[in-house]
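Welcome, and thanks for taking a look at this one. Please have the sequence and the model open side by side as you read.

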Amino acid sequence: MTRVVLSAAEIVAGYEPDLPILNGAGFVLHEREIVALLGPNGAGKSTLIKAVAGLVPITTGTVRLDGLEITRLPAHTLIRRGLGFVPQTENVFAAMSIDDNLRLAAAILPKGRRAERIGAMYALFPDLAAKRSLAAGRLSGGQRQMLAIARALLVEPKVLMLDEPSAGLSPKIVAGVFETLQQVRRSGVAIVLVEQSVRAALAIADRAYVLAEGRNRHEGPALLLRDDPMIAHLYFGGDPIVSEESRP
């Protein structure tokens, strides 16, 4: 088994004191792995990764990054420790150009490495390179998502967590974003993915956790969960998520 790069255990957390949204949820992420967090609206998926990212107060539980406890460390410290986070909304500065967005994100790096890392992001996202002087607010939804991912990857995180990266995007654009995530994983970055697009998430994930009411309800290999009728019925309100290969 590959080493664990990020773990969250028995997390109780919420936005208001004494009103927890999470009631013991957690997950384990191994190196070079994509793990999907799934479940109905209000299950606590986004709250879980925000708590891990230092954006939601944790009452009890433990978070470890590369074996070191990072529970309750502030978000800016976690970025320097190698934990990247892409929120669902407000994940770029709309009035700033693509280039200025990247330069701002690179500011925490040593000066000698900033141009190199920005160049690496343009190589990874050629669509952004072609429009580097364009304001982020004028980008398409897919391009904005690419810019948000590029900003998070600039500092070479060990782990990248994404909150609903497919939100508001067409199926074709979602396919492009998810192909990029597989490319990011191949580069050595482990990924935690919160998604409502269940089929798309399970198509690229190695494993998945299903949350409901702030607790872990089910987990397993993504290939098995795709065809699990219990998961489809109890948590997604529909028929089994049948892969293209298994269709008659």
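## Around N91

Leaving aside its neighbours within four places in sequence, N91 touches V86, Q145, A148 and R151. This is a predicted model, so please read the contacts as features of the prediction. N91 belongs to the loop that runs between β6 (83-86) and α3 (98-105).

Is N91 buried or exposed? With a relative accessible area of 13%, N91 falls under the 20% cut-off, so it counts as buried. Its side chain also reaches the backbone oxygen of P87, at 3.0 Å.

## Helix α6

Three of the contacts of N91, namely Q145, A148 and R151, are listed among the buried residues of α6. This helix covers residues 141-153, 13 in number. From first C-alpha to last, α6 reaches 18 Å, close to the 18 Å expected at 1.5 Å a residue.

How many of the residues of α6 are buried? Eleven of the 13 are, so the helix is largely enclosed by the rest of the structure. Among them are G142, M146, L147 and I149. As for what surrounds them, the buried residues of α6 pack against β6, α3, α4 (111-124), α5 (126-129), β7 (159-163) and α7 (171-186).

## The six-stranded sheet

Both β6 and β7 belong to an open sheet of six strands, ordered β6-β7-β8-β3-β9-β10 and with mixed pairing. At its edges stand β6 and β10 (215-221), each pairing on one side only. On average, neighbouring strands here are turned by 15° against each other, direction ignored.

Four bridges link β6 and β7 in the parallel sense, and F85 stands opposite M161 in β7. Two helices lie across strands of this sheet: α6 crosses β6 and β7, running at about 165° to β6, while α7 lies across β3 (34-38), β7 and β8 (190-194), at about 150° to β8.

## The four-stranded sheet

There is also an open sheet of four strands, in the order β2-β1-β4-β5, where the pairing is antiparallel. Why is one side of β2 and of β5 left without a neighbour in the sheet? Both β2 (22-30) and β5 (68-69) stand at the edges, each with a single partner strand, so one side of each has no neighbour there.

Within this sheet, six bridges join β1 (residues 4-13) to β4 (residues 58-65). One residue to look up is V12, whose bridge partner in β4 is T60. Helix α1 (residues 45-52) lies across β1, β2 and β4, running at about 70° to β2.

Conventions. Residues are numbered from 1 along each chain as its sequence is written. This is a predicted model: local features need pLDDT of at least 70, side-chain atom pairs count only at pLDDT 80 or more; totals for chains, interfaces and linings use all residues. Side-chain values use heavy atoms; hydrogens and water are left out. Two strands pair if DSSP finds at least two bridges between them. Contact means heavy atoms within 4.5 Å. Axes are lines fitted to C-alpha atoms, for helices over the stretch in contact, and angles run from 0 to 180 degrees between N-to-C directions. Buried means under 20% relative accessible area, exposed over 50%, partly exposed in between (1.4 Å probe, protein chains only). A polar contact is a pair of N or O atoms within 3.5 Å; within protein, one must be able to donate a hydrogen and the other to accept it, and residues adjacent in sequence count only if both atoms are side-chain atoms. The expected span of a helix is 1.5 Å times one less than its number of residues.
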